[in-house]
Amino acid sequence: DITEQKESLDRFKALTENTSDWIWEINENATYTYASPRVKELLGYEPEEVIGKTPFDLMPPGAAERVSEEFGRIARDRIPFSGLENTNLHKDGHYVVLETSGVPILDACGHFRGYRGIDRDITARREIEERNRCQLNRLAALRAIDMAITASHDLNLTLNVIINEVISQLKIDAANVLLYRPGLQILEYAAGAGFRPQALQYTRLKIGESYAGRAARERCMVSIPNLRETDGFKRSKYMADENFISYYGVPLIAKGNVIGVLEIFHRSSLDPDQEWLGFLEALAGQAAIAIENGALIAELHSANMDIIMAYDATIEGWSKALDLRDKETEGHSQRVTELTVRIAHTMGMSESEQGHIRRGALLHDIGKMGIPDRILLKPGPLNEEEWEIMRKHPVFAYELLSPIEYLRPALDIPYCHHEKMDGTGYPRGLKGEQIPLSARIFAVVDIFDALSSERPYRPAWPKEKVSEHIRSLAGSHLDTKVVDIFLENEKDLLSWPLSSNLLQGSSLGRI
């Protein structure tokens, strides 16, 4: 009685012939011995057409090679498998992505006879996943461009980031950005990638000339599906060698003004959907923001430089006014400033620190503005009361400069250049490293310039005597490390070119 067996076979046949998945069997040679009717709907083949073929006969070459290696390993191990994804070629030529699971077929003696398995169509799922992945990548690209715009003040660097994202995300061969120069009425190459000849970086197009000029003039996207069918792309003899087929030009518009054109090129035909075109316009919008941002930063930088130059010109004016007030110190400020900055550079101080030192050195005696002429210009020695007033000039400097935020980092020299390492200086009696380094450097230079300069009551000291005297003050009055660096590099420091003559006709004045 085989009734139950027949009923079981009938149930199995009903399941295999009506399930939405394709059920199959292959022998030990990987040849199909059974295919359920579902293969017709999945791949367009009748079951009989599949029998005798291998799974790799139904795949494109690249996919067949990959799956063949993986399936060979599975067959050697004779183990069940699941979730093996592979791309199959439908009979009409389009691709179908299948997810395959299978179990080994063993005979009564345990010998391997093939595999029995099931294929499920996951093409729609794969398309959704690919679309989601593409959207995430595009969001990441926009984020990367945003970060480049906000983090960098270099327009060329930002444009190169944009160009690379354009090529990567839109999967095209080349792209470039042309900037609009309104004064010349031209579009000028600013950045690009993917082109073979470097000569294209010298591109300069008149507005209305070529497709880029048309995009700028008409303020709309220009697309050319096949450049070979048009003669409007003649802007460079080198373009013929690029073999481009597809072209898109998108105007870059910021605050209603055209500021450039984004061009993309591909060496085969493009068939973009609305998402692709929308992303191209989004990238063009980012490029416009980057260009506008770069222009604003350039203007701000220029304005900031003008302000800094005005500040520094004012500071130099104050310094010259002090020199004019006290003829004995004429030229002193400029000389000690340049030599102090040289030593700071030799000691490895940063460019920013050197800038503050320069301003501080120029203004080191600005506090003498508060000293009466009867004391500052007195021809003879000062009495104790007059010295008490004279010693207040560093405090006057602090009170004058500290309200000016720009000059606060430069206060150390005007406020502390009369402090001494042993704590006997003024106005606060600072000791050792309590004295700012810039003031310790300046103190060495100040003494060197005073002793090396002619005074009405004595000639300038010889350089050897000045050096010996400075060395004698190391540790008590002056910082030993600064003294050593100065004396070790004295010849080089004094040989550098100056904007004004060093060591000619000045003194410390009243210290």
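**Core**

I looked up the largest nonpolar core and found 32 residues, among which Val166, Leu170, Leu252 and Ile264 touch the most other members. Such a core is a set of buried Ala, Val, Leu, Ile, Met, Phe, Trp, Tyr and Cys residues joined through side-chain atoms within 4.5 Å; buried means under 20% relative accessible area (1.4 Å probe, protein chains only). Two or more residues each come from α5 (123–151), α6 (155–170), β6 (174–181), β7 (186–193), β10 (246–254), β11 (257–266) and α9 (274–325). α9 gives the most, 10 residues. Helices (H or I, at least four residues) and strands (E, at least two) are DSSP runs numbered from the N terminus.

This is a predicted model: local features need pLDDT of at least 70, side-chain atom pairs count only at pLDDT 80 or more, and totals for chains, interfaces and linings use all residues. Residues are numbered from 1 along each chain as its sequence is written, and side-chain values use heavy atoms, with hydrogens and water left out.

**Leu252**

I listed the contacts (heavy atoms within 4.5 Å) of Leu252, leaving aside neighbours within four places in sequence; among them are Val177, Ile259, Leu262, Ala284, Ala288 and Ile291.

**Pocket**

I then checked the second largest pocket, an open set of points on a 1 Å grid over the protein atoms alone where a 1.4 Å probe fits, with protein on both sides within 12 Å along at least five of seven lines. Its 15 lining residues (an atom within 4 Å of a point) include Cys134, Arg138, Asp273, Glu275 and Trp276, which lie nearest the centre. α5 gives the most to this lining, six residues. I noted nine charged, five nonpolar and one polar residue in the lining, with Asp, Glu, Lys and Arg as charged, Ala, Val, Leu, Ile, Met, Phe, Trp, Tyr, Cys and Pro as nonpolar, and the others as polar.

Key: Buried means under 20% relative accessible area, exposed over 50%, partly exposed in between (1.4 Å probe, protein chains only).
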